[in-house]
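Hi everyone, thanks for coming. I'd like to walk you through one sheet, strand by strand. Have a look at this first.

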Amino acid sequence: MPPIDNVTIDIKKCTGCGFCVRVCPDNVFFLSEEKAHIIGEKCIQCGHCIAVCPEEAIISNVFGNALEFTTFTENMRWLPHGKSDIAELVQLLRSRRSCRNYTSKPVARNILEDLVKIGTTAPSGTNSQAWSFTILPTRKQVVSLGDKVASFFRELNRKAANPLLRLLARFFLGDSLGKYYRRYYASISQGLKEWEKEGKDRLFHGATAVILVGSGAEASCPAEDAMLATQNILIAAHAMGLGTCLIGFAVEAIRRDDNLKRFLSLPASNTTYSVIAIGYPAEKYRQVTGRKKIIPLYPEL
Ligand SMILES: Cc1cc2nc3c(=O)[nH]c(=O)nc-3n(C[C@H](O)[C@H](O)[C@H](O)COP(=O)(O)O)c2cc1C
């Protein structure tokens, strides 16, 4: 954990309200003679102290201008609890749907970069922010990735089609190859045929850009961090006029095939958790639709 040399208190401004003491998750602050002081040895650099201080008495150099958006004007004021429009928020959440038809219009790089920055506003375990975002901004690059993913599945299908290999794999590795064969072999074969012979893109659905979200080895909650950032991106993209679709098949290929990782210049220690197809939607929906009924559990404790 870094020493606390990046947070200072302007003692002249501090009124000793104690808010920083209350919100800090790491007990960095204590109050003495009606002033806040720094005593902790570890700081996860979450910035809660700065956000809560009514006197702007806490100064830090760790935040910089990392979140300078270029495609819209941000309102930097903190929204109090209960002060946003829940009906509008739920409408946005429900209007985001997986998009499987895109126009050929490319998505500008600064829009993709703003989406990534929006991703990083998500929570992360111990504020590690150890996620990675890889942008493929052109359709040509998306197709190149599609070719590599297709090669991975062609090889997997070749293995899965062999009954002897399925039997051997079952003895040594469990039934995962058999399950793959029963569940996916036929549809993947068909998808590969369409990709090769007709140029039909059943993988990325014709998206013109891709963002891959991963996590480094130093993340304490790598999967959760990456997926929370991913959800932010999906929602923000809809608000920005873009369609998105998660592509689990590409995640699977990148995780299992080191050649694909190298192709994407991803370090060996990086794990990919989501591949997001992005583009301008070539479809318009008329209404939102339902979800399965959920019955929450209330354990008797
Ligand atoms: C982890 C994950 C992987 C997914 N992978 C794919 C995929 O490979 N191809 C695809 O077309 N949709 C994929 N989806 C999209 C789901 O099919 C979709 O989210 C689901 O049907 C609900 O529809 P909605 O996103 O429009 O609400 C994936 C979704 C998730 C959460």
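So, which residue in S8 does Ala209 stand opposite? The partner is Ile278. A quick word on ground rules: this is a predicted model, where local features need pLDDT of at least 70, side-chain atom pairs count only at pLDDT 80 or more, and totals for chains, interfaces and linings use all residues. Residues are numbered from 1 along each chain as its sequence is written, and side-chain values use heavy atoms, with hydrogens and water left out.

Strands (E, at least two residues) and helices (H or I, at least four) are DSSP runs, numbered from the N terminus. Two strands pair if DSSP finds at least two bridges between them.

Now, S6, residues 209–215. Seven of its seven residues are buried, meaning under 20% relative accessible area with a 1.4 Å probe, protein chains only. Ala209, Ile211, Val213 and Ser215 point one way, while Val210, Leu212 and Gly214 point the other.

On to the neighbours. S5, residues 131–136, runs antiparallel to S6, joined by six bridges, and Thr134 has Leu212 as its bridge partner. With S8, residues 271–279, S6 pairs antiparallel over seven bridges.

Put together, that's an open sheet of four strands, ordered S5-S6-S8-S7, with antiparallel pairing. S5 and S7 (243–246) are at the edges with a single partner strand each, so one side of each has no neighbour in the sheet.

Last pair: S7 and S8 are antiparallel over four bridges, and Cys245 sits opposite Ala277 in S8. That's my tour, thanks!

Conventions: Buried < 20%, exposed > 50% of the residue type's maximum accessible area, 1.4 Å probe, protein only.
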